[in-house]
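Here is a short set of questions and answers on one protein chain. Look at the sheet and the charged pairs as you read.

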Amino acid sequence: MPSSLRDVLDSHRVVVCVGSGGVGKTTTAASLALHAAMHGRRVLCLTIDPAKRLANSLGLNEMTTEEQVVPKTLFDAQGLAMRGALSAMMLDTKRTFDELVRRTASSPERAERILGNKLYQYISTSLAGTQEYMAMEKLHAVKNDPRYDLIVLDTPPTSNALDFLDAPERLAGLVDSPAMRWFVQAFEGAGKLSLNLVGKGAAFLLRGLSKFTGTGFLEEVAAFITDFNDLFGGFRARAQEVANDFRSAEVAFVIVTSPAPLAIEEAIYFGERLAEAGMRRDAFVINQVHQLIAEPSAPTSQLEAEAKAHLPEDVDAAKMVARMRRALDDARLRAVADRLEADRLKNRSGKDALYVEVPVLEHDVHDLGSLARVASYLVGERQNEVVTH
């Protein structure tokens, strides 16, 4: 088990951040990438549908689907030493799918027919599981790029681990599904409808469909399926390569959560699914943890006296101190609740993973300096800071 997230960054080529939405997963990925770059590694941070605030935090106008290098001058302006290099890129699902089609099609002509088909244009952007698979596919494509020492992948936000872990098998299964084979059988090689090749019931169905959609539509569907079926061998092999990538020793998984009970439950489930799938559970990151604030050592009478000395005469010092105590009690209750949830995660998920906590911060993450601050908690350089609000 690693002793810190710094060890995880130093000993792996790929770090995958996973978890549900709204728990700080993208910020965690960017912070880890920044820290590794500051300590000498050439890092690519590959993110999915990031908020504009993340681009601003990295000093970029916007995240694009092309690699962007974060200028060293931006680190200098924040007083941060940059010994490596940091690049950022946003996933383009359709572009990644297009590249996969060109790579696996039997000929350039067949690839262009698939890419120009209206049904493919829908599937490549809207089919369930496509984004999850293409995130994995893109990682596979850049994993061996010699320009990078480390790739940090921010996966699509999901509350269902199956969406991400099973994406290669499910998408490959689509190509070889019974429905695909049935359509291929129903149409001749030239893409023409052949009712003699299917049963009477299927022929009746196809005739009915053609009245509403036109035979041309069915033939376009058939042409797509026939061409797409040509991808099966290469697509299946590629999906298996991608799935194997995520089980290799080069890849580390960081499960990101918050102390909210539902988020903790999802993190526990995600960890279990990773283990079942033969993938690593290197670390859990618990973001936005309220730190336990100590009770004041002075008695209430002394606090009221000090408050009275600093407040206007028309302000009731005793009421002011009472309100402050209630606020303190609320903050302490939140901290205790967070502690209980963090302990529940550790008890349920076992001792074979690293657990890291990042406290609630006073300000939003809005620049490289604040990303570096988050990173200092993630790698253990800063701990147990008391945060007041």
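The questions below deal with a predicted model.

Q: What is the order of the strands in the open sheet of eight strands?
A: The sheet is open and its pairing is mixed. Its edge strands are E3 (68–69) and E8 (354–359), each paired on one side only. The order runs E3-E4-E2-E5-E1-E6-E7-E8.

Q: Which residue in E4 is the bridge partner of Leu-46?
A: Strand E2 covers residues 42–47 and strand E4 covers residues 85–90. The two run parallel and are joined by six bridges. In E4, the partner of Leu-46 is Met-89.

Q: At about what angle does helix H8 run to E5?
A: Helix H8 spans residues 130–142. It lies across strands E1, E2, E4 and E5. Its angle to E5 is about 175°.

Q: Which strands does helix H15 touch?
A: Helix H15 (residues 261–276) packs on the sheet. Its direction makes about 160° with that of E6. The strands touched are E1, E6 and E7.

Q: How many residues apart are Glu-112 and Arg-102?
A: Their side chains meet in a salt bridge, 3.6 Å from N to O. Glu-112 sits in helix H6 (residues 108–115), Arg-102 in helix H5 (residues 93–104). Along the chain the two are ten residues apart.

Q: Is Lys-143 buried or exposed?
A: Lys-143 meets Glu-250 in a salt bridge of 3.4 Å, N to O. Glu-250 lies in the loop between H14 and E6, and Lys-143 in the loop between H8 and E5, 107 residues apart. Glu-250 is partly exposed at 35% relative accessible area. Lys-143 has 8% relative accessibility, and the cut-off for burial is under 20%, so Lys-143 counts as buried.

Q: What separates Glu-276 and Arg-273 in helix H15?
A: The pair forms a salt bridge, with the closest N and O atoms 3.3 Å apart. Glu-276 counts as exposed at 62% relative accessibility, whereas Arg-273 is buried at 11%. Because they are three residues apart in helix H15, the separation is about one helical turn.

Q: Which residues do salt bridges that share partners join into one network?
A: Side chains of opposite charge can pair when their charged atoms come close. The count for this model comes to 22 salt bridges. The residues joined into one network are Glu-265, Glu-341, Arg-344 and Arg-348.

Note on methods. Residues numbered from 1 in each chain as written. Predicted model: local features only at pLDDT ≥ 70, side-chain atom pairs only at ≥ 80, totals over all residues. Heavy atoms only, no water. Pairing = 2+ DSSP bridges. Helix = DSSP H or I, 4+ residues; strand = E, 2+ residues; numbered from the N terminus. Contact = heavy atoms within 4.5 Å. Axes fitted to C-alpha atoms, helices over the stretch in contact; angles between N-to-C directions. Salt bridge = Lys/Arg side-chain N within 4 Å of Asp/Glu carboxyl O. Buried < 20%, exposed > 50% of the residue type's maximum accessible area, 1.4 Å probe, protein only.
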